[in-house]
Amino acid sequence: MKTITKLFALCLLPFALAATAAGQGTAFTYNGKLNDGANPATGNYDLRFTLYNAVTNGSAAGSLTNVATGITNGLFTATLNFGSVFNGSNYWLELAARTNGSVAFTALSPRQPMLPTPYAIFAATASNATIAASANSISAANISGTIALAQLPAVVVTNNQSSVTFNGSVTTTNLNSPASQNFTLQGGNGTGNGGNVSILSGNAGVTSGGAGGNLTLLAGYALPQGGTGYSGQGPAGVVNIAAGNGYNGVGGNVTVQSGPNSPWSLSANGYSKVSLQGGTLNAGDGAVIDVE
């Protein structure tokens, strides 16, 4: 009766590159040496390769049988293809052999760890690309370097961006900051005329019954609205509406105008005051000026 033993088996695994490089697939080459009894095996042998997730016991991730494998002086080469099971998990390969045509396989031990070739170690990071391809996204923690502005979606606003349109509500706030945060709207400087700044509320969306949007300029409270303990606190914020200075004593104009046949009011609340300086306060036809 023949006793099959194994001196060693060398496993060459280019699988980590095979799935992505030039569409090579998932097959890889296994080179080994088999003894039949005390002597190197020669002839045709059936070889069974089983992939396990543990060095002993464990569960099989796949099994292949190469029948009538030619072996000369104990040396053989087999092509194995377990499919797309190599996802970074640890595996051990168990080899079993029998003489061609016999009934029982003889399992050889110990199982051999499946190890990558040097360049396949680098290719392990390709798992990030696999995740990105399937989910159409990648974690920010896995991104390094600079992302070009052209790669960002149009909805992302960046510094020095021009012609920006916001839809819906826009709020600037920083409740957790101990220092005040400024928000500035400024038209661009020009070699000729400066740029304009327009703040417009929305138009009504129906021909009747709908109202246009309101425009509110509101300075900050000494304490958050609804707070207590105003005594000893700083003053509330100030709303300033001012035109720019001009050359030769000609400054810019400020216009506050209501719609046709609609009154507008200018009022002070509590201890605040309304101040009109250096200008003329006019009302259009049918308008009412209310100064309190």
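These notebook entries record what I looked up in a predicted model of a single chain.

**Entry 1. Overall layout**

I began with the secondary structure, and found 3 helices and 9 strands in the chain. Reading from the N terminus, I noted the order β-α-β-β-β-β-β-β-β-β-α-α. I then looked up burial: of the 292 residues, 17% count as buried. The accessible surface comes to about 21900 Å², and carbon and sulfur atoms account for 51% of that surface. For the contacts between residues at least 6 apart in sequence, I recorded that 51% join residues at least 24 apart.

**Entry 2. The nonpolar core**

Which residues have the most contacts inside the largest nonpolar core? I found Leu34, Phe49 and Phe82, in a core of 21 residues. I next traced the core to its strands: β2 (28–36), β4 (43–52), β6 (75–80) and β7 (92–99) each supply at least two of its residues. The largest share, 4 residues, comes from β4. As background I noted that nonpolar side chains tend to be buried together in soluble globular proteins.

I followed Phe49 further and set aside its neighbours within four places in sequence. Its remaining contacts include the aromatic residues Tyr30, Phe76 and Phe82. Leu64, Leu80, Leu93 and Leu95 are also among them, as are Ala78 and Glu94. Gly62, Ser63 and Asn66 complete the list.

**Entry 3. Two salt bridges**

I searched the whole structure for salt bridges and obtained 2. As a general point, side chains of opposite charge can pair when their charged atoms come close.

In one of them, Asp46 pairs with Arg98, and the closest N and O atoms are 3.0 Å apart. Asp46 lies in strand β4 and Arg98 in strand β7, so this pair ties together parts that are 52 residues apart in sequence. I checked the burial of both partners and found Asp46 and Arg98 buried. Asp46 has a relative accessibility of 3%, and therefore counts as buried, the limit being under 20%.

I also looked at what else surrounds Asp46. A polar atom of its side chain lies 2.8 Å from the backbone nitrogen of Ala68. Beyond four places in sequence, Asp46 touches Asn66, Val67 and Ala68, among others. Its contacts also include the run Ala96, Ala97, Arg98, Thr99, Asn100 and Gly101, together with Phe105.

In the other salt bridge, Glu94 pairs with Arg111, with the closest N and O atoms 3.4 Å apart. This pair links distant parts of the chain, Glu94 being in strand β7 and Arg111 in the loop between β8 (106–107) and β9 (112–113), 17 residues away. Is Glu94 buried or exposed? I found it buried, because its relative accessible area is 13% and the limit is under 20%. Arg111 is buried as well.

Setting aside residues up to four places away, I listed the contacts of Glu94 as Arg48, Phe49, Thr50, Tyr52, Ala107, Leu108 and Arg111. Phe49, noted above for its contacts inside the core, is thus on the list for Glu94.

**Entry 4. Backbone geometry**

I looked for unusual backbone values, given that most residues other than glycine have a negative phi, and most peptide bonds are trans. A cis peptide bond joins Ser109 and Pro110, with omega about 5 degrees. Pro110 lies in the loop between β8 and β9, the loop that also holds Arg111.

Two asparagines have a positive phi. For Asn57 the angle is near 55 degrees, and this residue is in the loop between β4 and β5 (60–71). For Asn73 phi is about 50 degrees, and the residue is in the loop between β5 and β6. I found Asn57 exposed, at a relative accessible area of 62%, and Asn73 exposed, at 53%.

**Entry 5. The segment after α3**

Where does a nonpolar patch form on the surface? I found one made of Phe183, Leu185, Val197, Ile199, Leu215, Leu217, Val239, Ile241, Val254 and Val256. Together these residues have about 950 Å² of accessible area. I checked Val239 individually: it is in the segment after α3 (126–135), and at 41% relative accessibility it counts as partly exposed.

I closed with Ala204, which lies in the segment after α3. Ala204 is partly exposed, with a relative accessible area of 33%. Apart from residues up to four places away, it touches Gly210, Ala211 and Gly212.

How values were computed:
Residues numbered from 1 in each chain as written. Predicted model: local features only at pLDDT ≥ 70, side-chain atom pairs only at ≥ 80, totals over all residues. Heavy atoms only, no water. Core = buried A, V, L, I, M, F, W, Y, C linked by side-chain atoms within 4.5 Å. Buried < 20%, exposed > 50% of the residue type's maximum accessible area, 1.4 Å probe, protein only. Contact = heavy atoms within 4.5 Å. Areas by Shrake-Rupley, 256 points an atom, 1.4 Å probe, with all protein chains shown as cover. Patch = residues over 30% accessible without salt bridge, like charges linked within 9 Å, V, L, I, M, F, W, Y side chains within 5 Å. Salt bridge = Lys/Arg side-chain N within 4 Å of Asp/Glu carboxyl O. Polar contact = N/O pair within 3.5 Å; in protein donor to acceptor, adjacent residues only side chain to side chain.
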